[in-house]
Amino acid sequence: MTDDPQRDKLFEHEYDGIREYDNPMPGWWVAIFWLTILFAFPYITWYHVGKGDSVHDNYEAELAAYAQQLLATYGELEADEPTILRFMDDSVAMTGMASLFKSKCTQCHLADGSGNVGPNLTDDHWINVKTLTDIYSVINEGVIAKGMPEWQGKLTDTEIVLLSAYVAQLRRNPLPDKAPQGDPIAAWPEAPPPP
Ligand code: HEC
């Protein structure tokens, strides 16, 4: 390399007495530089525009799978108020239910519960619900005449109890997207202290 006539050739310019050589970056460095740029095009196309799952998507999917495994360990849950209240604050169970809600209920209530054909589940107005266990009954039996399907037989009883807890906690983050339907109801009772 030292016999390269270009090596250590000075640039013409000079700033405050400072001059610089015109030596190129080493080949391996330039190769990595171009490779990173070339790599970016398919990466951006697949992960940002295309179908590639982001790290966040993967995390959610893993958590949902874990929550699904946990379901088996809950056994048969009672469809009563203390059970629903207890699970409203169980973040793993609620993550699992968020994905169940997304796959079964989005069509009519939107993924965030703010309402589409079905009513907004995040506000304080409810048509068929006054207590926590009413949520369970509506999901279980549906309101067939009004277009809310029944889920008994399609989901397990434990899933419906947990889904009720998920729907109940949506009220903590009201989204005003769809106008209120039904009557305003009281806040849910306080959760009992952990046993
Ligand atoms: C095909 C559309 C549709 C799907 C799918 C659907 N819902 Fe509904 N849902 C409705 C409609 C319509 C109503 C309003 C019923 C009424 O007017 O009495 C409703 C009402 C409800 C209510 C009672 C709201 C209130 O104000 O009384 C709850 C709770 C509910 N849905 C939960 C769910 C859950 C959980 C799922 C998914 C497992 C789901 N829904 C899937 C259409 C749907």
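Reader: How many cavities of 30 Å³ or more does the structure hold?

Author: A cavity is a set of points on a 1 Å grid over the protein atoms alone where a 1.4 Å probe fits but cannot get out; its volume is the space filled by probe spheres set on the points, joined across faces, edges and corners. This structure holds 1 cavity of 30 Å³ or more, and the largest has a volume of about 40 Å³. The model is predicted: local features need pLDDT of at least 70, side-chain atom pairs count only at pLDDT 80 or more, and totals for chains, interfaces and linings use all residues. Residues are numbered from 1 along each chain as its sequence is written, and side-chain values use heavy atoms, without hydrogens and water.

Reader: Which residues line the largest cavity?

Author: Lining residues have an atom within 4 Å of a point. Here they are Ala67, Gln68, Leu71, Tyr74, Ala93, Gly96, Met97 and Leu162. Helix α2 (55–74; helices are DSSP runs of H or I, at least four residues, numbered from the N terminus) gives the most, with 4 residues, while α4 (91–109) also supplies at least two.

Reader: Which residues coordinate the iron atom of the ligand?

Author: Donors are N, O and S atoms within 2.8 Å of the metal. His109 (NE2) and Met148 (SD) coordinate the iron atom at 2.0 to 2.1 Å. Histidine 109 lies in helix α4, whereas methionine 148, 39 residues apart from it, sits in the loop between α5 (132–141) and α6 (157–169).

Reader: Is histidine 109 buried or exposed?

Author: Buried means under 20% relative accessible area (1.4 Å probe, protein chains only). Histidine 109 has 10% relative accessibility and therefore counts as buried.

Methods. On a 1 Å grid over the protein atoms alone, a cavity is a set of points where a 1.4 Å probe fits but cannot get out, and a pocket is an open set with protein on both sides within 12 Å along at least five of seven lines; lining residues have an atom within 4 Å of a point. Donors are N, O and S atoms within 2.8 Å of the metal (3.2 Å for Na, K and Ca); water is not among the atoms, so sites may look incomplete. Buried means under 20% relative accessible area, exposed over 50%, partly exposed in between (1.4 Å probe, protein chains only).
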